[in-house]
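Colleague: I'm new to this one and would like a close look at a single part of it. Could you walk me through the aromatic rings and the strands around them?

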Amino acid sequence: MLDDIFSCLNWQNEDSAATKTLPESIKHWLFWQGSLTLKLKQYCTEFEVKVRSEKWLNKMTKNETALLPNGLYRSREVTLLGDGLPWIEAKTLIAAELFNSYTELGQLGTMPLGEWLFAQAWERQQIQWAVAPESGLWARRSLFFIQQKPLLIAELFLESSPITD
């Protein structure tokens, strides 16, 4: 499902002309530099991660190959819930070399990836944003590097998420 959504999006760079037209309240969420997990936790009393799938991929969508080098990637798809409501659908692609270097990545279970990621020394190369044409839902994706190994996180803000407040 997420491949269908994320692959049809027209991703925009943070410095694009279209970004200037976004409401400040939306920009605040899309270009948040800190941990989205920690930010979301401020808006609820119960935060939950539901793992939808975890698998190895050697073929990615055209949108993903625009940012990532060819290779084998670990895919993790989750739903983030606040007080029982689905807030975010997320897909993470982790380079095999990175996944194999950090065994804890294979043992996250229902722990948010952000808790692990923001405890590491990382470099964020860029944040891109999009709006889903049919639903009008906002999305963002961030390309991180840990020890020069890529990790791409794409997040779709669902109707019940705090971005709409």
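Modeller: Sure, here is a walk through the ring pairs, followed by one strand and its partners.

A bit of housekeeping: this is a predicted model, so local features need pLDDT of at least 70 and side-chain atom pairs count only at pLDDT 80 or more, while totals for chains, interfaces and linings use all residues. Residues are numbered from 1 along each chain as its sequence is written, and side-chain values use heavy atoms, with hydrogens and water left out.

Let's start with the rings. Rings of Phe, Tyr and Trp (its six-membered ring) pair if their centres lie within 6.5 Å; planes under 30 degrees apart are called stacked, over 60 edge-to-face, and the rest tilted. By this rule there are nine aromatic pairs. One of them is W56 with F99, an edge-to-face pair at 5.1 Å centre to centre with 85° between the planes. The two partners are 43 residues apart and link distant parts of the chain: W56 belongs to strand β2 (residues 47-57) and F99 to helix α5 (residues 96-101). Helices (H or I, at least four residues) and strands (E, at least two) are DSSP runs, numbered from the N terminus. As for cover, buried means under 20% relative accessible area, exposed means over 50%, and partly exposed is in between (1.4 Å probe, protein chains only). W56 is partly exposed at 36%, whereas F99 is buried at 13%.

Another edge-to-face pair is F118 and F144, 6.3 Å centre to centre and 80° between the planes. F118 sits in the loop between α6 (113-117) and β5 (123-131), F144 in strand β6 (residues 138-146), 26 residues apart. F118 is partly exposed at 29%, and F144 is buried at 2%.

Ring pairs also join W29, Y43 and F157 into a cluster. K39 lies over the face of W29, 4.6 Å from the ring centre; a charge counts as over a ring if NZ of Lys or CZ of Arg is within 6 Å of the ring centre and within 35 degrees of the ring normal. The charged end of K39 also sits over the ring of W32, at 4.3 Å from its centre.

Now for strand β7 (residues 149-157), where eight of the nine residues are buried. Two strands pair if DSSP finds at least two bridges between them. β7 runs antiparallel to β4 (residues 85-95), with seven bridges joining them, and T92 stands opposite I153. β6 and β7 are antiparallel too, over eight bridges, and there S142 has I153 as its bridge partner. In the hairpin of β6 and β7, with two residues between the strands, Q147 takes a positive phi near 50°.
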